[in-house]
Amino acid sequence: MLFGGTDVGSLTAQAVILENGKVVGWKNMRVLPNPIESAKKVMGELLEELGLKKDDVIIFATGYGREKLVEAGYAREHVSEISCHARGAFWLNPSVRTVIDIGGQDAKVIRIDEKGRLVNFVMNDKCAAGTGRFLEIQARALGIKLEELGDMTFIAKNPVEITARCSIFAETEVLHFLQRGVPKEEIAAGVNRSMAHRIYYLARRVGVEREAALTGGVAKNKGVKRELEKILNLKFLDLGMDPQIIGALGAAIFAGEKYGGK
Amino acid sequence: MFLGIDAGTRFTKAVLWNGEISRFAVKETVGNMKSVLESITKEIEDYKLCCATGSGAELVEFADAREDDVVCLAIAGRDVVNADYVIDIGAQSITAISVDEDGNVIDYVKNDKCASGSGKFLEVMSSALDIEIQDLDNLAFRSNKKLSITSQCAVFAESEVISYVNNGESRENIIAAVCDAVAKIAASQVNKLKITGRYTITGGVANFTSITERIKRAIGGDYVKFPNPQLAAAIGAGIVAGEL
């Protein structure tokens with residue numbers, strides 16, 4: 001039996017397909033203006049790649065527009081992002097107790113128990129600090145690509161200190177450092193460290209267990225990941241999967257659990 | 001004659017004070033503070049004492065004294081318009097102050113950690129709409145449809161503005177929604193103080209009637225207009241210099 005999950009975020013959308021409890025394919029793309037269309041497109045392209053028809057798959061939706069995808073008859077059911085991230089990470093690695101998910105416009109820290117059940121979570125979607133948008137703004141101010149930002153932590157010698165919490169004020173600081181001729185990698189490393197600090201303050205509100213996983217688009221920024229590991233004094237568990245597809249994977253797992261029987 | 005200088009993050013203001021404004025100057029705070037101060041004080045030499053305030057007060061080397069901007073705003077609010085409360089919206093902060101009868105600070109709340117509702121917030125939105133910030137009042141006045149911006153975060157609010165632009169909403173209606181958002185943010189900040197008396201609104205953002213009118217509507221009560229509101233802290237510093 002085939003089960004699928006879609007997850008639409010603020011910047012990217014993902015689809016995952018499971019067959020007999022194994023991931024057979026996944027896809028990640030930039031969102032379209034409409035979240036429903038984003039979900040249909042990313043899942044449509046994945047089905048086509050795998051030579052499957054939509055009717056072969058029972059789809060669960062998470063992320064933006066998930067209720068509407070059900071109303072539109074595209075997805076069978078919808079599940080919250082928090083549950084999907086917890087489920088996806090635990091399924092990949094049952095020792096995971098904390099999931100830190102940093103997306104384009106929000107950040108979540110989710111605590112789960114030894115059975116993978118949700119214990120507690122904390123979320124920031126009110127302030128751009130500590131989300132992917134913060135990094136995007138600073139990368140733009142530095143005139144570098146978002147993908148280049150992370151690695152600069154590893155070549156910097158004396159990272160600058162970004163004192164502002166606010167993304168907008170931090171951007172002003174970044175521009176001042178540039179004007180003063182501070183090398184880009186030192187500023188970029190400071191940006192990554194500052195981002196890690198914001199996540200740390202969020203995570204502190206629910207606590208982080210040593211068995212933690214970092215997911216979401218920002219997990220691909222190695223600099224932020226390293227800085228966060230240093231502050232939390234742990235090493236993130238390897239999930240062996242693209243960290244951006246965990247939500248969609250969780251949705252597919254829920255579909256399998258509900259409609260797959262035993 | 002006493003000189004008050006308010007070295008703000010965005011503008012530096014100087015007021016020559018003798019019980020009223022004798023002369024004043026406003027310059028953008030860009031580049032070297034020394035040259036900003038030189039250009040701003042070029043025409044103002046005949047003063048006895050000088051007091052500096054604002055985030056760059058330390059950089060005003062020739063000042064005889066320095067005073068906190070909250071203190072200066074309270075003094076100016078009481079002295080100039082006899083206000084019990086001062087709401088100041090600057091380039092990077094929103095401050096609400098309750099003032100006693102002698103112009104001393106009783107209590108205050110300040111947000112300078114985040115751009116929410118500040119002058120910077122307005123600049124970000126204006127630039128997303130590709131309008132000059134000076135045109136804000138004219139445009140907002142011509143709005144004919146109610147839109148709303150729900151985010152307090154300047155970054156997320158900018159995304160909302162851009163979505164409205166992409167959906168073909170007019171700049172007039174969008175900027176009116178931005179003014180609503182600023183007023184709402186300012187009012188919620190102010191409400192932490194429980195305003196019961198006469199209040200005034202100062203800071204560069206108070207130059208925009210579209211904003212002050214909306215704040216008045218949100219707060220209600222006894223409002224008094226501050227003449228030349230951008231100069232309030234500099235006036236307060238001038239008064240402090242006179243009392244040295």
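Biologist: Looking at chain B, in what sense do strand 7 and strand 8 pair, and over how many bridges?

Modeller: In this predicted model, strand 7 (residues 94-99) of chain B and strand 8 of chain B pair in the antiparallel sense, and six bridges connect them. As one point on that ladder, B:Ser98 has B:Asp107 in strand 8 of chain B as its bridge partner.

Biologist: And what is the strand order of the sheet with strands 8 and 7 of chain B?

Modeller: The order is 8-7-6-9-10 in chain B, an open sheet of five strands with mixed pairing. Strand 8 and strand 10 (222-223) of chain B are the edge strands, and each of them pairs on one side only. Helix 7 (residues 209-219) of chain B packs on the sheet, where it touches strand 6 (85-89), strand 9 (198-202) and strand 10 of chain B, and its direction makes about 150° with that of strand 9 of chain B.

Biologist: What holds strands of a sheet together in general?

Modeller: Pairing between strands of a sheet goes through backbone hydrogen bonds, in either a parallel or an antiparallel arrangement.

Biologist: Moving on past strand 8, is B:Ser116 buried or exposed?

Modeller: B:Ser116 counts as buried because its relative accessibility is 5%, and the cut-off for buried is under 20%. B:Ser116 sits in the loop between strand 8 (105-111) and helix 3 of chain B. Leaving aside neighbours within four places in sequence, B:Ser116 is in contact with B:Ile94, B:Asn111, B:Phe121, B:Gln152 and B:Ile185.

Biologist: I see B:Phe121 and B:Ile185 there, so which residues meet where helix 3 and helix 6 of chain B touch?

Modeller: From helix 3 of chain B the residues are B:Phe121, B:Leu122, B:Met125 and B:Ser126, and they meet B:Ile175, B:Val178, B:Val182 and B:Ile185 of helix 6 of chain B. By class, that contact has seven nonpolar residues, one polar residue and no charged residues.

Biologist: How are helix 3 and helix 6 of chain B oriented to each other?

Modeller: The axes of helix 3 (residues 119-128) and helix 6 (residues 171-190) of chain B cross at roughly 165° and come within 11 Å. Helix 3 and helix 6 of chain B are therefore roughly antiparallel to each other, since angles over 145 degrees are counted that way. Helix 3 of chain B passes helix 6 of chain B in a right-handed crossing.

Biologist: What about helix 2 and helix 8 of chain B, at what angle do they cross?

Modeller: The axes of helix 2 (residues 69-81) and helix 8 (residues 232-242) of chain B cross at roughly 85° and come within 7 Å, and helix 2 and helix 8 of chain B are therefore roughly perpendicular to each other. Residues of helix 2 of chain B in this contact include B:Cys72, B:Leu73 and B:Asp79, while among those of helix 8 of chain B are B:Ala233, B:Gly236 and B:Ile239. By class, the contact has eleven nonpolar, one polar and one charged residues.

Biologist: Going back to the start of chain B, how many residues of strand 2 are buried?

Modeller: Six of the seven residues in strand 2 (residues 11-17) of chain B are buried, so far as the under 20% cut-off goes. Strand 2 of chain B pairs antiparallel with strand 1 (residues 2-7) of chain B over six bridges, and B:Leu3 stands opposite B:Leu16 in strand 2 of chain B. Seven bridges join strand 2 of chain B to strand 3 (residues 21-28) of chain B, again in the antiparallel sense, with B:Thr12 and B:Lys27 as bridge partners.

Biologist: What is in the turn between strand 2 and strand 3 of chain B?

Modeller: Strand 2 and strand 3 of chain B form a hairpin with three residues between them, and B:Gly19 in the turn has a positive phi of about 90°.

Biologist: Now chain A: which strands stand at the edges of its open sheet of five strands?

Modeller: That sheet has the order 3-2-1-4-5 in chain A, with mixed pairing. Strand 3 (22-30) and strand 5 (77-78) of chain A stand at the edges with a single partner strand each, so one side of each has no neighbour in the sheet.

Biologist: And what is A:Leu92 in contact with?

Modeller: A:Leu92, which is in helix 3 (residues 81-92) of chain A, is in contact with A:Leu239, A:Met241, A:Ile246 and A:Leu249, leaving aside neighbours within four places in sequence. A:Leu92 and A:Ile246 are 154 residues apart in sequence, and their C-alpha atoms are 9.0 Å apart in space.

How values were computed. Residues are numbered from 1 along each chain as its sequence is written. Chains are lettered from A and ligands numbered from 1 in the order in which they are written. This is a predicted model: local features need pLDDT of at least 70, side-chain atom pairs count only at pLDDT 80 or more; totals for chains, interfaces and linings use all residues. Side-chain values use heavy atoms; hydrogens and water are left out. Axes are lines fitted to C-alpha atoms, for helices over the stretch in contact, and angles run from 0 to 180 degrees between N-to-C directions. Helices (H or I, at least four residues) and strands (E, at least two) are DSSP runs, numbered from the N terminus. Angles under 35 degrees count as roughly parallel, over 145 as roughly antiparallel, 65 to 115 as roughly perpendicular and the rest as oblique. A crossing is left-handed if the near helix is turned anticlockwise from the far one by less than a right angle, and right-handed if clockwise. Contact means heavy atoms within 4.5 Å. Ala, Val, Leu, Ile, Met, Phe, Trp, Tyr, Cys and Pro count as nonpolar, Asp, Glu, Lys and Arg as charged, and the others, Gly among them, as polar. Two strands pair if DSSP finds at least two bridges between them. Buried means under 20% relative accessible area, exposed over 50%, partly exposed in between (1.4 Å probe, protein chains only).
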